[in-house]
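Trainee: Could you take me through this protein and show how its labels are earned?
Mentor: Gladly. Here it is.

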Amino acid sequence: MKQISLFLFLYIIPYMGSAQEVIGKITKQDGEEIFMYPRGADAPTYVGDYIIEGSMGLTSASLIYFSKEGELKKIKQNKVKEMSYGNQLFQSFHIYGSRLDRLHEVIMQNDEYILTSYFSLANYIYIHRKSDGKTLEAKVKHSKKRKSDYKTLEKLVPKYFSDCTELMQRIRSNIRNTDYRVLYGNVSVANNKMFKGIQNYICN
């Protein structure tokens, strides 16, 4: 059961690459930039109670990454403005019910709005207005139940992203073709079923 708990609390993305290859960039709130590299061969498997399997991880409060020398580094999420990692983009926004800043993955955006996904025991949709950064929709659960995902797709997303008709079909296909019954022990697998394979999509 300990494995399940660790799985739920740490968001990890594997990445393979050469030791000197830049695989991501962190932009801090003060504008400083930090480059990210693949994990070293001797990098630790555990950080406290968290399992580290890939080259980047998000705990409840920290961002874990690796230096050019392959050494594990940590930075508080509230110190980070934006992070790019492979094809993924993460930006800092408040989380519902708190003034805490945390990194959300950007799923899609147009000229006015950004839709992000934030993981905390489950996956949640947030929608933010670009002009002032205001969060318009918060903590809408997704990737848990097929029926709920269809409802969100048909009712909520088009309200802000009517210009993303092609992407709507792709999301609908994800929902239709994903097995929502898959379990990890007694806990539903906490993967991003609804937006699988969709990363920082720009709607035109």
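**Labels and their cut-offs**

Mentor: Among contacts between residues at least 6 apart in sequence, 48% join residues at least 24 apart. Contact means heavy atoms within 4.5 Å. This is a predicted model: local features need pLDDT of at least 70, side-chain atom pairs count only at pLDDT 80 or more, and totals for chains, interfaces and linings use all residues. Residues are numbered from 1 along each chain as its sequence is written, and side-chain values use heavy atoms, with hydrogens and water left out.

Trainee: What makes up the secondary structure of the protein?
Mentor: Three helices and 17 strands. Both are DSSP runs, numbered from the N terminus: helices are H or I with at least four residues, strands are E with at least two.

Trainee: Why is strand β10 called mostly covered?
Mentor: Buried means under 20% relative accessible area, exposed over 50%, partly exposed in between (1.4 Å probe, protein chains only). In β10, residues 88–94, six of the seven residues are buried. For the protein of 204 residues, the buried share is 47%.

Trainee: How do you know that β9 and β10 pair?
Mentor: Two strands pair if DSSP finds at least two bridges between them. Four bridges join β9 (residues 80–85) to β10, and the strands run antiparallel. Ser-84 stands opposite Leu-89. On the β11 side (residues 101–109), β10 has five bridges, again antiparallel. There His-94 stands opposite Asp-101.

Trainee: What makes a nonpolar core?
Mentor: It is a set of buried Ala, Val, Leu, Ile, Met, Phe, Trp, Tyr and Cys residues joined through side-chain atoms within 4.5 Å. The largest one here has 21 residues; Met-108, Phe-161 and Ile-171 are among those that touch the most other members. Elements giving it two or more residues include β11, α2 (146–160) and α3 (165–177). A second, separate core has 14 residues, including Phe-90 and Leu-103.

Trainee: How do you know that the span of α3 is close to the expected one?
Mentor: The expected span is 1.5 Å times one less than the number of residues. For the 13 residues of α3 that gives 18 Å, and the helix reaches 19 Å from its first C-alpha to its last.

Trainee: Why do the buried residues of α3 line one face?
Mentor: Those buried residues include Leu-167, Met-168 and Ile-171. Seen down the axis, the buried residues fall within an arc of 155 degrees, so they line one face of the helix. The arc is that of the directions from the helix axis to the C-beta atoms. The face turned away carries the exposed Glu-166 and Asn-177.
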